[in-house]
Amino acid sequence: MAKYLISFPSAAMKVPGGELEAVGRDAHAVIRDAKEAGVYVFGGGIDESVPPVLVSADGSVAEGGYPWAPALNGGFTVLELPSSKEAVAWAARIAKACRCDQELRVFGFDPES
């Protein structure tokens, strides 16, 4: 089984005024289903009120992330699934609940992790 990252950037989620509560309800329902199915690993959203820091090998800390990289924000879910077909199905459910397309990526297997 592989672990899949299903995610979206904050700017992708354009929810009309009165729908935010329904989005939360629908998204939480999909997550509950994933937990009940035993495929849920972890999920959440990047806290955009806390700026990133860049930590060097010597332990020094600099404000901000990589200056050349796009900002990392939005929401994500990690699921452990037996196939990419199932990952696409779960990503579609999350896209429907969140009212925005989802990026789907697979984590590389590392036997030491």
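**Notebook: helix H1 and the core**

I looked first at how H1 packs, and its buried residues (under 20% relative accessible area with a 1.4 Å probe, protein chains only) lie against strand E2 (40–45), E5 and H2. Contact here means heavy atoms within 4.5 Å. Helices (H or I, at least four residues) and strands (E, at least two) are DSSP runs, numbered from the N terminus.

The model is predicted, so I noted that local features need pLDDT of at least 70 and side-chain atom pairs count only at pLDDT 80 or more, while totals for chains, interfaces and linings use all residues. Residues are numbered from 1 along each chain as its sequence is written, and side-chain values use heavy atoms, leaving out hydrogens and water.

I listed the buried residues of H1 as Ala-22, Val-23, Ala-27, Val-30, Ile-31 and Ala-34. Just past this helix, I found Gly-38 with a positive phi of about 75 degrees.

Next I looked up the largest nonpolar core (buried Ala, Val, Leu, Ile, Met, Phe, Trp, Tyr and Cys residues joined through side-chain atoms within 4.5 Å). It has 16 residues, and Ile-6, Val-39, Leu-79, Leu-81, Trp-90 and Cys-98 touch the most other members. Two or more residues each come from strand E1 (2–8), helix H1 (20–37), strand E5 (75–81) and helix H2 (84–98). H2 gives the largest share, 6 residues.

I then checked Trp-90: setting aside residues up to four places away in sequence, its contacts include Ile-6, Val-30, Asp-33 and Leu-81.

Last, I turned to Thr-77 in strand E5. Thr-77 is buried, at 8% relative accessible area. Beyond neighbours within four places in sequence, Thr-77 is in contact with residues including Tyr-4, Ile-31, Phe-42 and Ile-94.

Conventions: Buried means under 20% relative accessible area, exposed over 50%, partly exposed in between (1.4 Å probe, protein chains only).
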